[in-house]
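Hello,

Here is the structure I promised to pass on to you. Please open it next to this email and follow along as you read.

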Amino acid sequence: MTDPGDDQPRHWTLLEFSAEESAAQRLADQLSSCLASSGGWYTDFHTADETFVIFANKVFRYPRGQAEGRSEAQQYGRSVGVPEPQLDWQV
């Protein structure tokens with residue numbers, strides 16, 4: 001990590017997993033309920049058709065490639081302290 005936030009560690013661990021698309025909203029909700037609300041933490045994942053960007057107690061879900069949905073999630077990320085270089089998830 002080259003630009004960690006103030007409350008973020010310098011080294012990260014990436015966890016990769018897969019799930020059925022039918023479980024996407026449930027997974028997003030579960031992740032949202034366990035992310036720290038301070039420190040600019042979020043996660044994101046994609047289905048074939050949608051992007052999910054998840055913050056503590058907040059889930060953004062929008063069609064892949066939709067600039068408006070991505071922009072809303074990025075604006076929210078900025079408001080909760082996500083460093084700008086980390087707002088680069090794929091569309």
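On the face of helix α1 turned away from its buried side, you will find the exposed residues Arg26, Ser33 and Cys34. The buried residues of α1 are Ala24, Leu27, Ala28, Leu31 and Ser32. They sit on the same side of the helix, because they cover an arc of only 135° around its axis. Strands β1, β2 and β3 are among the elements that cover these buried residues.

Before going further, please keep in mind that this is a predicted model.

The overall plan

The protein chain has two helices and three strands. Along the sequence they follow the pattern α-β-β-β-α. Of the 91 residues in the chain, 34% count as buried. If you take the contacts between residues at least 6 apart in sequence, 40% of them join residues at least 24 apart.

The sheet

In what order do the strands of the sheet lie? The sheet is open, its three strands have the order β1-β2-β3, and the pairing is antiparallel. That leaves β1 and β3 as the edge strands, each of them pairing on one side only. On average, neighbouring strands are turned by 15° against each other, with direction ignored.

As general background, the strands of a sheet pair through backbone hydrogen bonds, either parallel or antiparallel. Here, β1 and β2 run antiparallel and are joined by five bridges. These two strands form a hairpin with three residues between them. Strand β2 (residues 50–55) also pairs with strand β3 (residues 58–63), again in the antiparallel sense, over six bridges. The hairpin of β2 and β3 has two residues between the strands, and asparagine 57 in this hairpin takes a positive phi near 60°.

Phenylalanine 52 is a good residue to click on. Towards β1, phenylalanine 52 is the bridge partner of phenylalanine 45, and in β3 the residue opposite phenylalanine 52 is arginine 61.

Two threonines worth a look

Threonine 43 belongs to strand β1 (residues 42–46) and stands opposite isoleucine 54 in β2. Is threonine 43 buried, exposed or partly exposed? Its relative accessibility is 27%, so threonine 43 counts as partly exposed. Leaving aside neighbours within four places in sequence, threonine 43 is in contact with Leu31, Leu35, Phe52, Val53 and Ile54. One of these, Leu31, is also among the buried residues of α1. Another buried residue of that helix, Ala28, gives you a distance to check: the C-alpha atoms of threonine 43 and alanine 28 are separated by 9.0 Å, with the two residues 15 apart along the chain.

Threonine 51 is found in strand β2. Threonine 51 counts as buried because its relative accessibility is 0%. Which side chain does the side chain of threonine 51 make a polar contact with? The partner is the side chain of histidine 46, at 3.2 Å.

The helices on the sheet

How do the helices sit on these strands? Strands β1 and β2 are the pair joined by five bridges. Helix α1 (residues 24–34) packs on the sheet and touches β1, β2 and β3, and its direction makes about 20° with that of β2. Helix α2 also packs on the sheet, where it touches β2 and β3, and its direction makes about 160° with that of β3.

Helix α2 in detail

Helix α2 (residues 67–79) has 13 residues, and from its first C-alpha to its last it reaches 18 Å, close to the 18 Å expected at 1.5 Å a residue. Which residues of α2 are buried? They are Gly69, Arg70, Ala73, Gln74 and Gly77. Seen down the axis of α2, these buried residues fall within an arc of 130°, so they line one face of the helix. Their cover includes β2 and β3. On the other side of α2, Ala67, Glu68 and Ser79 are exposed. After α2 comes glycine 81, with a positive phi near 95°.

If you would like a route through the model, start at the buried side of α1 with Ala24, Leu27, Ala28, Leu31 and Ser32, cross the sheet in the order β1-β2-β3, and finish at glycine 81, which follows α2.

Enjoy exploring, and best wishes

How values were computed:
Residues are numbered from 1 along each chain as its sequence is written. This is a predicted model: local features need pLDDT of at least 70, side-chain atom pairs count only at pLDDT 80 or more; totals for chains, interfaces and linings use all residues. Side-chain values use heavy atoms; hydrogens and water are left out. Helices (H or I, at least four residues) and strands (E, at least two) are DSSP runs, numbered from the N terminus. Buried means under 20% relative accessible area, exposed over 50%, partly exposed in between (1.4 Å probe, protein chains only). Contact means heavy atoms within 4.5 Å. Two strands pair if DSSP finds at least two bridges between them. The expected span of a helix is 1.5 Å times one less than its number of residues. The arc is that of the directions from the helix axis to the C-beta atoms. Axes are lines fitted to C-alpha atoms, for helices over the stretch in contact, and angles run from 0 to 180 degrees between N-to-C directions. A polar contact is a pair of N or O atoms within 3.5 Å; within protein, one must be able to donate a hydrogen and the other to accept it, and residues adjacent in sequence count only if both atoms are side-chain atoms.
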